[in-house]
Amino acid sequence: MNGLSFSELCCLFCCPPCPGRIASKLAFLPPEASYDLKSEADSTNSKFTLTLHDKADWQYTDREKECFEVFYARSARGNRIACLFVKCSANARFTLLFSHGNAVDLGQMTTFFIGLGQRINCNIFSYDYSGYGQSSGKPTEKNLYADIDAAWHALRTRYGISPENIILYGQSIGTVPTVDLASRYEVGAVILHSPLMSGMRVAFPATKRTWFFDAFPSIDKVPKVTSPVLVIHGTEDEVIDFSHGMTIYEKCPRAVEPLWVEGAGHNDVEMYSQYLERLKQFVSVELLNKRSSGNSSRKRTKGEDGDRKVIGNDDDDEEEEEDDAEDLNTDDEILNASITLSSTSTNDAPAIEKLL
């Protein structure tokens, strides 16, 4: 995140700006678009083709691009939001709704999505924030919340995926819309990767309360999250201090065992083998066990159209889920791709040399 000059600090205390201005200064660094969405000439259903530029650093062949489906969704604030669905596995139970970091776009995340989805047996749905990639508008805090709402609605309606089969995954600034959505909907699970408590607490670590002009007050929303939450944070994070992850974890009503990656910074958590190990354990063992035990005590959550959706597990799926969990332990040779995106302190792109 960007620093503040002395004059800006003086202005901040003498005449506190609105939260949106703080958010824009500290959090949003949209890169030059690394992809295009081209409308198919013979399409009658607004179908688009994803074209990746060199800066996307695509590491696979054209065959893997067949896993992508791209389209636009419209947010409640009128912006056109670029969306990407990555079908990584034919038998995936869960789909990640992935909110990426502050200095990347969908094109730069495509290689990472393929590798991650295949390794943890999940499909991935992601989107670009307003002003990022091919999404219209400007990046603001209010737009951030409207953007994930548009993505959530598209995932639920276009693909018919139930909330109990959706895992919300947020990284860095992406944890902000993730926590906001999770505080309003119960889902299968939530993963918070390098989360922040609030904008002011990042800029001024001594901040102990949420001021009226603060931005991104995730610390005040986390107690309302009723889904299981996995918190991941590097102990040497130079952008969002490790204390943010610990405090978020302590405030989560249903936090599971966190992953504190010893020695990891803000952009290299994925380079440590325990990252994938913990995700596999969480997705293929802990969540499936939770759902199995939940058959005798089924919970309910409000659905997209106000209907009540049952969160539970069908008995006839349990054997298949157990087989899927076993398969995950034997697929370590699927990928050996080098994923090297930028790893500067202001870039939240995953920096992975190899998915171990």
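**Salt bridges, a pocket and a strand hairpin in a predicted model**

Lys65 has a relative accessibility of 28% and therefore counts as partly exposed. The model in which this residue is examined is a predicted one. The side chain of Lys65 meets that of Asp62 in a salt bridge, with a distance of 3.4 Å from N to O. Asp62, at 57% relative accessibility, counts as exposed, because the threshold for that class is over 50%. Side chains of opposite charge can pair in this way when their charged atoms come close.

The search of the whole structure finds nine salt bridges. One of them joins Glu69 to Arg158, the closest N and O atoms being 3.1 Å apart. This pair links distant parts of the chain, since Glu69 belongs to strand 3 and Arg158 to helix 4 (residues 141-158), and the two are 89 residues apart. Glu69 is partly exposed, with a relative accessible area of 32%. Arg158 is also partly exposed, with a value of 42%.

A further salt bridge is formed by the side chains of Glu186 and Arg254, at 4.0 Å from N to O. Glu186 is found in the loop between helix 5 (175-182) and strand 8 (189-193), whereas Arg254 is found in the loop between helix 8 (242-251) and strand 10 (259-261), so the pair ties together parts that are 68 residues apart in sequence. Glu186, with a relative accessible area of 12%, is buried, because that class covers values under 20%. Its partner Arg254 is partly exposed, with a relative accessible area of 26%. Elsewhere, salt bridges link Asp149, Asp180, Arg184 and Lys221 in a network.

Several of the residues described above also border a pocket. Rolling a probe the size of a water molecule over the atoms shows where empty space is left. The second largest pocket holds about 190 Å³ of space. Its lining includes Lys65, Glu69 and Arg158, together with Glu40, Lys47, Phe48, Thr49, Leu50, Glu66, Phe68, Val70 and Phe71. Two elements, strand 2 (48-52) and strand 3 (68-74), give two or more residues to this lining. Strand 3 supplies the largest share, with four residues. By residue class, the lining of the second largest pocket divides into six charged, five nonpolar and one polar.

Strand 3 thus contributes to the pocket lining and holds one partner of a salt bridge, Glu69. Five of the seven residues of strand 3 are buried, so this strand is largely enclosed by the rest of the structure. Strand 3 runs antiparallel to strand 4 (residues 80-86), and seven bridges join the two strands. Within this pairing, Phe68 stands opposite Val86 of strand 4. Phe68 is also among the residues that line the second largest pocket. The two strands form a hairpin with five residues between them, and Gly78 in the turn has a positive phi of about 90 degrees.

A polar contact was also identified at helix 3. Gln108 has its place in helix 3 (residues 106-120), and a polar atom of its side chain lies 3.2 Å from the backbone nitrogen of Asp105. Gln108 counts as buried because its relative accessibility is 14%.

Terms used. Residues are numbered from 1 along each chain as its sequence is written. This is a predicted model: local features need pLDDT of at least 70, side-chain atom pairs count only at pLDDT 80 or more; totals for chains, interfaces and linings use all residues. Side-chain values use heavy atoms; hydrogens and water are left out. On a 1 Å grid over the protein atoms alone, a cavity is a set of points where a 1.4 Å probe fits but cannot get out, and a pocket is an open set with protein on both sides within 12 Å along at least five of seven lines; lining residues have an atom within 4 Å of a point. Grid points are joined across faces, edges and corners, and a volume is the space filled by probe spheres set on the points. Ala, Val, Leu, Ile, Met, Phe, Trp, Tyr, Cys and Pro count as nonpolar, Asp, Glu, Lys and Arg as charged, and the others, Gly among them, as polar. Buried means under 20% relative accessible area, exposed over 50%, partly exposed in between (1.4 Å probe, protein chains only). A polar contact is a pair of N or O atoms within 3.5 Å; within protein, one must be able to donate a hydrogen and the other to accept it, and residues adjacent in sequence count only if both atoms are side-chain atoms. Two strands pair if DSSP finds at least two bridges between them.
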